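Please open the structure in your viewer and keep the sequence panel beside it, since this tour moves from one selection to the next. At each stop there is something to select, followed by a description of what is found there.

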Amino acid sequence: MNNNSSILFGRFDEFLWIRCSGRGSFSNSPTVKSLGDEYIASGGRLIVIDLETCSGIDSTFMGTLAGLARRLMPIDGAVQIASPSERCLCALESLGLDALLSIEPPTAPWRGKVEQIRANLGTETAPTVHLDARDQTLHVLDSHLTLSELSEENEEKFRNVTDCLKDELKRQKGQ
């Protein structure tokens, strides 16, 4: 992860809170996925992604959020977005994620407690998940396939990306 971004998190009674500072990208999305996977495996149902200090999000980061939301849907869970900047909100909406993620839901259990939650996150960042080249390629591919499954527009938009990533996996396997 570069020095311009960090992931802070905290487990609370009703949810996991993940705060992305800096840029939400392919480099820190494995950390977000790992935190979410662990929380879901322990029975958690609500993940809140705090984007107040997030300067932007790339497609891999958004695909990671979509993947977590899709895993939570069958167990009546959700991914909620707190305090997105206009830039992040536009990015989410441009890929149709506003239909999959709950953005600033008015009845969320964290409403009215945001400053207290943020204060309780502390200053220690989440451990960075380091992936080898193959696992990183798989992660980016999985994120883009998830986005592609959401709409025909996304499938068309990311077809070249997914094709290139599939080719890269074949090359990596041949080495």
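Begin by selecting Arg118, which is buried, with a relative accessible area of 12%; buried here stands for under 20% relative accessible area, exposed for over 50%, and partly exposed for what lies in between, computed with a 1.4 Å probe on protein chains only. This is a predicted model, in which local features need pLDDT of at least 70 and side-chain atom pairs count only at pLDDT 80 or more, while totals for chains, interfaces and linings use all residues. Residues are numbered from 1 along each chain as its sequence is written, and side-chain values use heavy atoms, with hydrogens and water left out.

**The charged groups around Arg118**

Keep Arg118 selected and add Glu115, because these two form a salt bridge, a side-chain nitrogen of Lys or Arg within 4 Å of a carboxyl oxygen of Asp or Glu, and their closest N and O atoms are 3.1 Å apart. Both residues belong to helix H4 (residues 114-120), where they sit 3 residues apart, about one turn of the helix; helices (H or I, at least four residues) and strands (E, at least two) are DSSP runs, numbered from the N terminus. Unlike the buried Arg118, Glu115 is exposed, with a relative accessible area of 57%.

Now extend the selection to Arg19, Asp50 and Glu52, which are linked with Glu115 and Arg118 in a network of salt bridges. Within this network the side chains of Arg19 and Glu52 meet at 2.9 Å, N to O. Arg19 lies in strand S2 (residues 16-24) and Glu52 in the loop between strand S3 (46-50) and strand S4 (54-57), so the pair ties together parts that are 33 residues apart in sequence. Arg19 is buried at 11% relative accessibility, whereas Glu52, at 39%, is partly exposed.

**Trp17 and the nonpolar core**

Which residues touch Trp17, once those up to four places away in sequence are not counted? Select Leu8, Phe9, Gly10, Phe12, Val48, Asp50, Ala82, Trp110, Val114, Ile117, Arg118 and Leu121 to show them, a contact being heavy atoms within 4.5 Å. Two of the residues in that list, Asp50 and Arg118, also belong to the salt-bridge network.

Trp17 is also one of the residues that touch the most other members of the largest nonpolar core, together with Ile47, Ile49, Leu51, Val79, Leu97 and Trp110. This core has 43 residues, where a nonpolar core is a set of buried Ala, Val, Leu, Ile, Met, Phe, Trp, Tyr and Cys residues joined through side-chain atoms within 4.5 Å. Helix H2 (residues 59-72) supplies the largest share of this core, 7 residues.

**Helix H1 and the glycines after it**

Next select helix H1 (residues 29-41), whose 13 residues reach 18 Å from the first C-alpha to the last, close to the 18 Å expected at 1.5 Å a residue, the expected span being 1.5 Å times one less than the number of residues. Its buried residues are Ser29, Pro30, Thr31, Val32, Leu35, Gly36, Tyr39 and Ile40, and what covers them includes strand S1 (6-11), S2, S3, H2 and helix H5 (133-150).

H1 is followed by Gly43, which has a positive phi, near 100°. Gly44 is found in the loop between H1 and S3 and is buried, with a relative accessible area of 7%. Leaving aside neighbours within four places in sequence, Gly44 is in contact with Tyr39, Leu72 and Ile75. Adding Gly77 shows a C-alpha separation of 8.0 Å from Gly44, although the two are 33 residues apart along the chain.

**Along helix H6**

Move on to Asn154 in helix H6, which is buried, with a relative accessible area of 1%. A polar atom of the Asn154 side chain lies 3.0 Å from the backbone oxygen of Leu95.

Further along H6 (residues 152-174), select Arg171 and Glu168, which are separated by about one helical turn, being 3 residues apart. They form a salt bridge with closest N and O atoms 2.9 Å apart, and Arg171, at 48% relative accessible area, and Glu168, at 26%, each count as partly exposed.

Technical notes: A polar contact is a pair of N or O atoms within 3.5 Å; within protein, one must be able to donate a hydrogen and the other to accept it, and residues adjacent in sequence count only if both atoms are side-chain atoms.
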